[in-house]
Every structure is written in structure tokens, then in C-alpha cells.
Amino acid sequence: MATPIEKLGRGGLNTDVPPVILPPNTFTDVLNVRFDDEAVQTITGETTSRTVSIAPDFGIHWRRPDQGYNIFAKNGNIVRVDSAGNSSSMFSSSDSAYANSDWQATKFNGGYAIIMNNGKTTPLYCLYNSASAGSSFQPLPNWNYLEGITVTAKVIRALNYSLVAANLTINEAGTTTYAPGTIRVSVQAATGDVPSVWQPGLTTDTADEFELSSTSPVLDMAELRGNMFVYSSDSISLLTIGSQTRVSFYSKSYGILNTDCVTEFDGNHFVVDRNDIYVHNGSGSIEFYRDWETDRKSTRLNSSHRL
């Protein structure tokens, strides 16, 4: 006959003593519970949803050096929500250029800054501890460096201490020029700052602008092993910046489906293209995800990395 265990929660958790000498009401392994008032209780999770005024269609978590914020965007409005649920506006514009914005974001300089881009207007930045951009988004400084010419970029990503933009649209006096294979690189930013120079030739730093030898538009970029992998729909290029900018083809057979279809995990890129899903580590070897999943049973993608 089974003996009832009395005062189940009194013993709590004990992992230091061999289980055979512990009383029956003491646990040696638990998950997502707490012991309180001689009872075993489920740990209450935090709120998984927030209500914000703008009905957002984009969101990202920004872990600043001081605290974390959830940032939400919809067209010309960007708000932040802290861990207590307090909401505040970071950007608000009624300009028609922000209508139907498809926002993307990249964190920069170890989390000191976050860059927001919609591909239709000057990219925006927010910078921790900045007097002008500490709690609001501002246009990237000196982005439009030639008078009378405005430039937008389909995608902008961080590479080391520089920002890299690609797939540009150039407007001069009402004349629009599309440059889907053009890459624009900023100078390197100081620690805790954002780049302030984009114009090539003003410094000996990394600022540059050039055209890729690609047959299709650049759709996204992602850093891996200190280099930037530039993805179009049917090819991958490898960009290295430093004392000299170098570009080489990584693959002429694989590409990417669209923006935000690549993510980095454990020293690999996980990529969705128009025909398949594949993984590569930047060394030249590309494995289809179906093969990678079968052959590498000891390694599994965390669900937070799946696209």
C-alpha cells in the first residue's frame, strides 16, 4: 500500500545530498516551480503581450546597456515599452513617405544603438546616452552627403563598427535612379556612437560606395566571422572591409527569398531561398537543411532562431 507524502512542499529542493537519505517530501529536481508557505507552486510567467496605441506590424527587443525595451513600429510611428509596460513615443511623422512602411532594424555597437529602416526614407537611429537621440529616433547623420540628392536603402546592417547599406534608390531633382546592386559603407564609429561619415574619400577609414557584380538586386546582408555576406535572389557575395574593401563571390547558385530570411546561429547562417532552406558556416560548404537536420542529430536549432 502506498504511503501518502505529508507536507509535500516543506522539504523544498536539495541537490547536495544523495537522494536515498533525503525525506520523501524533498525534491532533487524541479522545473518552473517555487516553494512557498510549505507548498509547491507554479511560477507565474510574465505578460506575453502588450497593448500599444499604434497597432504595430513590426517589433524588436532592444537590450540597451541600462535596460531592455520592446520597440514597435507602424508607418510613421515608433513607440517603446519597458518591462513595466510603460509606453512612450520615440518617433511620430505624418509624412506620406512613411505610409505602408516595411520596417526592419539592426542593433549596433554592442547594443548602444539601434537602426530602423523602411527602405523609403533616411534610416533612423536611437543611441543610448545621447542628448539628441537617447529616447527618440533621429535621421542618421550625414547620410545624404551631397546637396540636392536624397538616398534610400532597401536594407542596412551592422558590420563590426561600420554600417553597410545596399540596394539604393537615388533621387535628384525629381529624377529617380535605382541602384539595386550598389553597396554603401560608413566609416567606423567610436565605441558607444554611430557613424558620422558616409562620403567616400573624406577620410582614410572604411567609407566606400561601389557596385556589386550581381545579376539580381541585393535583398539582405548578415555578418558572419567578421565578414558581411551579401544575399541576392540568386547569388551570395562576401564583403570584407578594413584598410581595403574586398568583394568576392561566395556562391553563384544560391541566394535568398527576401529581406529578413537569414539569421545567424552558432557560427552558421540559416537561410531561406526561393527553392530550399540551407545552412552554411562561411567556409564555402552549403548544406540543405533537410540534410543538415538528418546528418547532425547532435545539434538542433533553437526555436527562437527558426524563420
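A pocket is an open set of grid points with protein on both sides within 12 Å along at least five of seven lines. In this predicted model, the largest pocket has a volume of about 570 Å³. Its lining is made up of 20 residues, and Ala105, Arg157, Asp260, Val262 and Thr263 are the ones that lie nearest the centre of the pocket. Five elements are listed as giving two or more residues to this lining: strand S3 (58-63), strand S7 (104-108), strand S11 (149-159), strand S15 (218-224) and strand S19 (262-265). When the lining of the largest pocket is sorted by class, eight residues are nonpolar, six are polar and six are charged.

Strand S7, one of the elements that line the pocket, also belongs to an open sheet of four strands. The order in this sheet is S7-S8-S9-S10, and the pairing is antiparallel. S7 and strand S10 (138-139) each have a single partner strand and stand at the edges, so one side of each has no neighbour in the sheet. Within the sheet, strand S8 (residues 113-117) and strand S9 (residues 124-127) are joined in the antiparallel sense over four bridges. One residue pair can be named here: methionine 116 has leucine 124, in S9, as its bridge partner.

A search of the whole structure for enclosed space finds one cavity of 30 Å³ or more. The largest cavity holds about 30 Å³ of space. Its lining consists of Leu212, Ser214, Ser216, Val218, Val230, Tyr231, Ser232, Ser235 and Ser237. Strand S16 (residues 227-232) gives the most to this lining, with three residues. By class, the lining of the largest cavity has four nonpolar and five polar residues, and no charged residues.

Tyr231, which is among the residues that line the largest cavity, is also linked to histidine 280: the side chains of tyrosine 231 and histidine 280 are joined by a polar contact of 2.7 Å. Histidine 280 is located in strand S21 (residues 277-280). The relative accessibility of histidine 280 is 1%, and the residue therefore counts as buried, the cut-off for this class being under 20%. Leaving aside residues up to four places away in sequence, histidine 280 touches Leu224, Phe229, Tyr231, Tyr250, Asn268, His269, Val271, Ser285 and Ile286. Tyrosine 231 thus appears both in this set of contacts and in the lining of the largest cavity.

Conventions. Residues numbered from 1 in each chain as written. Predicted model: local features only at pLDDT ≥ 70, side-chain atom pairs only at ≥ 80, totals over all residues. Heavy atoms only, no water. Buried < 20%, exposed > 50% of the residue type's maximum accessible area, 1.4 Å probe, protein only. Polar contact = N/O pair within 3.5 Å; in protein donor to acceptor, adjacent residues only side chain to side chain. Contact = heavy atoms within 4.5 Å. 1 Å grid on protein atoms, 1.4 Å probe; cavity = no way out; pocket = protein on both sides within 12 Å on 5 of 7 lines; lining within 4 Å. Points joined across faces, edges and corners; volume = space filled by probe spheres on them. Nonpolar A, V, L, I, M, F, W, Y, C, P; charged D, E, K, R; others polar. Pairing = 2+ DSSP bridges.
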